[in-house]
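Student: I am new to this structure and would like a close look at one part of it. Could you take me through a single helix with care, and then say something about the cysteines?

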Amino acid sequence: MKISVKWLKDYISFSIPVEKLAHKLTMAGLEVEKIEAVGDDTVLDLEITPNRPDCLNFQGIARELAAVLDKQLKKPKVKKMLPPKAKCEIEILDKKGCGRYIGTLIESVCVRESPSWLTVRLAALGNRTINNVVDITNFCLFENGQPLHAFDYDKLIGGRIVVRRARAGEKIVTLDGVERLLDPSILVIADAQRPVAIAGVMGGQETEVTEQTQRILLESAHFDPILIRKASRALGIKTDSSYRFERGVDFTTVESGAARAVSLILREANGTVVARKDAFPARPKARGKAIPVKMEDVNSLLGSDLSLAKCRTILKKLDFHVTKASANMMKVTAPSSRGDVKDPVDVIEEVARIVGYDNLPLTLPLIKAQNVPSQEDYPFINKVRDCLCGAGYSEIISYALISRDSLEKSGLSQLSGIKVVNPLSLDQEIMRPSLFPSMLAVVKGNVNRGQKDIKIFETGKTYRGKKEQKEVAIMMTGKVYHDWRRLENKNADFFDLKGIVQRVLTRAGIKDFICDPDENSMYQKNCGAKIMAGKKALGTFGQVDQDILQQWDIKHRTVFFAHIDLAQLFLLSSRKKAFQGISDFPAMTRDISVAVRQDVPYQKVMDIVSRQAGPLLENIAFLEEYRGEKIPQGYRGLIFSLTYQSPQRTLVEDEVNKVHGDITQALVDEIGGILR
């Protein structure tokens, strides 16, 4: 919010430098973000917190400054007028949406260019001038925080005002010249036939005040903040009025704001008040309940030595009602404009603000040492991160909140996730039940920016039902590596992904795991696998289905994804490693070349080899897969290199040949292998 220093001096006298003024306001909780010169004036740009709508005007800032500088507040003089006997025709149909509406009919007004004092005030804040009547309503909004609106009374059909909800299909052309479609969630000001303003947001073009206007109806009202906020967002309109109504306009300024505007209009545009009506669907109390505040609590909380008299002076300057209950206690009643003050600590904060946080004595708080239990799985998860980083993968951190649309695009609509009751945006409406959508979003963003070769991972939480789960997700696409020595660098494939999954599991100390085929909707047909350790499912991996990539607009790409349950991995992992010495005896190597049916899993072949070899087998190295000539239809050729070694003795040729022969025979007998 912008504040003109010259205009501010209309309500409080001060002579301190602008920089010092800005510092004092900031220390009082009204942060000054910027100071700029506008002509011969200085304008302060303040950040007003949402709980302080009372400071969204010059009188509110002047009241704060009067308390800080211990000065007297100068309120503008408003000439009292006897209300006319005639009543404006005003009807409030939505009593919850509109708590009060004051309509004042003024005739014989002279609408013309605004006087210089008014144009200078508005120009300092960057507002353009329109005419004297409209400018006065804007002036009063900035002065006391009460939004006002003036209608050309002769353009109101039926000469009446009706506060109601919009009807389905109704339209209005607002003052900015845009036609807007309304719905029943929007509160409108209507005449006998049509909407003439969007309540609290913007007026309509058909009833705007021009130089031809002779009679005006001045509106001063109190609207429901929630309704105004929803209407402003739905229509995409942000105005000075809606900004204040959304945060809550003081109920009592509806009348004082109207009186101030009427007096200025009569002074600058002449005219005569001929009718008025103050409609009250509800009449709230001007002040809240009395709050007991003990002085020992004030000084204990602030580390100060303030007197009751000092606190009373400060609070009265802020328009609080204070009575002395005892020698060390006071009862404080907040004004209607301070709905955020409800408890003793709120009152103490008001005292602290005005004293100045920088003026409070420095005291060290008593901090009790507490034993914070360490997370047992934290070092383990770091080991998983190190493993992936060492393999050339980049770690990402994505938001735990995602949109429902991203879940559906990922083929995971069956996972409901945890819905956020009041999401900040549609992109953050549910807690993610899977890391898959987040990873796809990162890949899409990188591909769109020209980064084609991607290897990423994330360790984060997912949320399903009332359960949260730690997972690691891996995604890759493009080239596996770049090497100038190779004529053609290899694209990532299913086996590269399987390799990094096995690397993570091995690093975690999982020895007995298998990768079984898995028909998961996330993956291409026959390109998905599930990771099993005994009867425990650890996760899945595979090639992302092309339909899902199309939904995400990731075209002409082959993407691979894996996810592993870190909690299960931690429970099954072996975190104790025993040293095993290197054998001093020579090893013997034998190769196996066998053709097996294409439907025989690789894991099945490995299981047979490991079982038949027994303790003599030191290592199995897969060398090659071949499909082509000399291989029967429906078969694939596999070549393994087996290393035999004993830690106690030198192996002889005959025993190695026997074990090797048993392995080859088992492959023939059990899976119908053909030796090559």
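Tutor: What follows looks at one helix, then at the residue just after it, and then at two cysteines.

Please keep in mind that this is a predicted model. The helix is α9, which covers residues 295-302, and its buried residues are M295, V298, N299 and L302. Viewed down the axis of α9, these buried residues fall within an arc of 85°, so they line one face of the helix. The general background is that an α-helix has 3.6 residues a turn, so residues three or four places apart point the same way. On the face of α9 that is turned away from the buried side, you will find the exposed residues E296, S300 and L301. As for what the buried residues of α9 pack against, their partners are two strands, β15 (291-294) and β17 (329-333), together with two helices, α10 (308-317) and α11 (344-355). Just after α9 comes G303, which takes a positive phi of about 65°.

Turning to the cysteines, the structure holds 0 disulfides, and two residues help to show why. The closest cysteine sulfur to that of C88 belongs to C98 and lies 14 Å away, which is too far for a bond, while C88 itself counts as buried because its relative accessibility is 9%. For C387, the closest cysteine sulfur is in C389, at 9.4 Å, and this too is too far for a bond, given that a disulfide requires the two sulfur atoms to be within 2.5 Å. C387 is also buried, with a relative accessible area of 3%.

Definitions and conventions:
Residues are numbered from 1 along each chain as its sequence is written. This is a predicted model: local features need pLDDT of at least 70, side-chain atom pairs count only at pLDDT 80 or more; totals for chains, interfaces and linings use all residues. Side-chain values use heavy atoms; hydrogens and water are left out. Buried means under 20% relative accessible area, exposed over 50%, partly exposed in between (1.4 Å probe, protein chains only). Helices (H or I, at least four residues) and strands (E, at least two) are DSSP runs, numbered from the N terminus. The arc is that of the directions from the helix axis to the C-beta atoms. Contact means heavy atoms within 4.5 Å.
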